[in-house]
Each structure stands twice: as structure tokens, then as C-alpha cells.
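The exercises below are meant to be worked through with the coordinates open, and each task is followed by a solution that proceeds in steps.

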Amino acid sequence: MIPNIHFESEEEFIEQMYAHAHVINISTMDAIEMAMLTYESDPVIAHLNDDYELRLESGEWLTNLDRVREYFEYTEDYDMCKKVVTLTNKVKTFLGKDLVN
């Protein structure tokens, strides 16, 4: 499920991103997995104020997965850390194939 974040200011946006960090991190993983299946280069990871989509360009997938892993390490959710590592390896393979073709 893609989260919908509501905010009125930049400060509120940052607060909402922290408040919804768990859902956003899972959404990031889900979006990347689905994008690899559908060959979408910039999947949606969140809706902002019902009228804008927060997307993640494929060139940022690995960087964002590092951040996702760090979040789950911080929250000590080591099962999710393993899933992030597995997904990271799949992304590396996927991007490597994409660069060759």
C-alpha cells in the first residue's frame, strides 16, 4: 500500500516523513521490487497531499535501500534487514543486466 502524506509546510513534511518512516521504508522496498518486475524506472513510493507522487528514480534505488537498511538496523528489525540485503543484491543484478542490454 502506498502511503498518503499530508502536510502544509516543509517542516510539517519532514515531521510526517519521520512519523510515517516505517511505512515509507516498506513502501520503498515494495515499489523497487514491483518496478523490477514491470521495468518501471521511477516507481511511486508515496502520495503527497493527494495530488503529487513521490517517485524514486532507478539510479537512486541502491542509495535508498542503504537508508532503508539503516532504518531497520536502528529499529533493530533484523528480519527486515535481511530482506533489504536480499533486495539490494537483486537490484545490483537487475541494474547490472540493465546496463549490459
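Two strands are taken to pair if DSSP finds at least two bridges between them. With that criterion in hand, note that asparagine 4 has histidine 47 in E2 as its bridge partner. The model is a predicted one, and every value used below is computed from it.

**Exercise 1. The sheet**

Task: Work out in what order the three strands form the open sheet, and which strands stand at the edges.

Solution. Begin with strand E1 (residues 4-5), which is joined to E2 by two bridges, the two strands running parallel. The partners can be read off residue by residue: asparagine 4 is bridged to histidine 47, and isoleucine 5 is bridged to leucine 48.

Next, turn to strand E3 (residues 52-55), which pairs with E2 in the antiparallel sense over four bridges. Here histidine 47 stands opposite glutamate 53. E2 and E3 form a hairpin with three residues between them, and asparagine 49 in the turn has a positive phi of about 50°.

Putting the two pairings together gives an open sheet in the order E1-E2-E3, with mixed pairing. E1 and E3 each have a single partner strand and therefore stand at the edges, with one side of each left without a neighbour in the sheet. As to burial, four of the five residues of E2 are buried, and the strand is mostly covered.

**Exercise 2. One face of a helix**

Task: Determine which residues of H3 are buried, and how they are placed when seen down the axis of the helix.

Solution. First consider the geometry of helix H3 (residues 61-74), whose 14 residues reach 20 Å from the first C-alpha to the last, close to the 20 Å expected at 1.5 Å a residue.

Then list the residues of H3 that are buried, namely Trp61, Asn64, Leu65, Val68, Tyr71 and Phe72. Seen down the axis of H3, these residues fall within an arc of 115°, and so they line one face of the helix. Just after H3, glutamate 76 takes a positive phi of about 60°.

**Exercise 3. The nonpolar core**

Task: Identify the elements that give two or more residues to the largest nonpolar core, and say which one gives the most.

Solution. The largest nonpolar core has 20 residues, and those with the most contacts inside it are Met29, Ile32, Trp61, Leu65, Phe72, Leu87 and Val91. The elements that give two or more residues to this core are helix H2 (21-38), H3 and helix H4 (78-100). Of these, H4 gives the most, with seven residues.

A single residue then serves to illustrate the packing: valine 91, leaving aside its neighbours within four places in sequence, is in contact with Ile32, Met36, Trp61, Leu62 and Leu65. Threonine 88 is likewise found in helix H4; at 11% relative accessibility it counts as buried, and, with the neighbours within four places again left aside, threonine 88 is in contact with Leu62 and Leu65.

**Exercise 4. The ring cluster**

Task: Which residues do ring pairs link into a cluster, and how should the pair of tyrosine 39 and phenylalanine 94 be classed?

Solution. A search of the whole structure finds four aromatic pairs. In one of them, the rings of tyrosine 39 and phenylalanine 94 have centres 5.7 Å apart and planes at 35°, so the pair is tilted. Because tyrosine 39 lies in the loop between H2 and strand E2 (44-48) whereas phenylalanine 94 lies in helix H4, the pair ties together parts that are 55 residues apart in sequence.

Tryptophan 61 and phenylalanine 94 form a stacked pair, at 6.1 Å centre to centre and with 25° between the planes. Since tryptophan 61 lies in helix H3 and phenylalanine 94 in helix H4, this pair ties together parts that are 33 residues apart in sequence.

The ring pairs thus link Tyr39, Trp61 and Phe94 into a cluster. As a last step, the burial of its members can be read one by one: tyrosine 39, at 65% relative accessibility, counts as exposed, phenylalanine 94 is buried with a relative accessible area of 17%, and tryptophan 61 is buried with a relative accessible area of 0%.

Methods: Residues are numbered from 1 along each chain as its sequence is written. This is a predicted model: local features need pLDDT of at least 70, side-chain atom pairs count only at pLDDT 80 or more; totals for chains, interfaces and linings use all residues. Side-chain values use heavy atoms; hydrogens and water are left out. The expected span of a helix is 1.5 Å times one less than its number of residues. Buried means under 20% relative accessible area, exposed over 50%, partly exposed in between (1.4 Å probe, protein chains only). The arc is that of the directions from the helix axis to the C-beta atoms. A nonpolar core is a set of buried Ala, Val, Leu, Ile, Met, Phe, Trp, Tyr and Cys residues joined through side-chain atoms within 4.5 Å. Contact means heavy atoms within 4.5 Å. Rings of Phe, Tyr and Trp (its six-membered ring) pair if their centres lie within 6.5 Å; planes under 30 degrees apart count as stacked, over 60 as edge-to-face and the rest as tilted.
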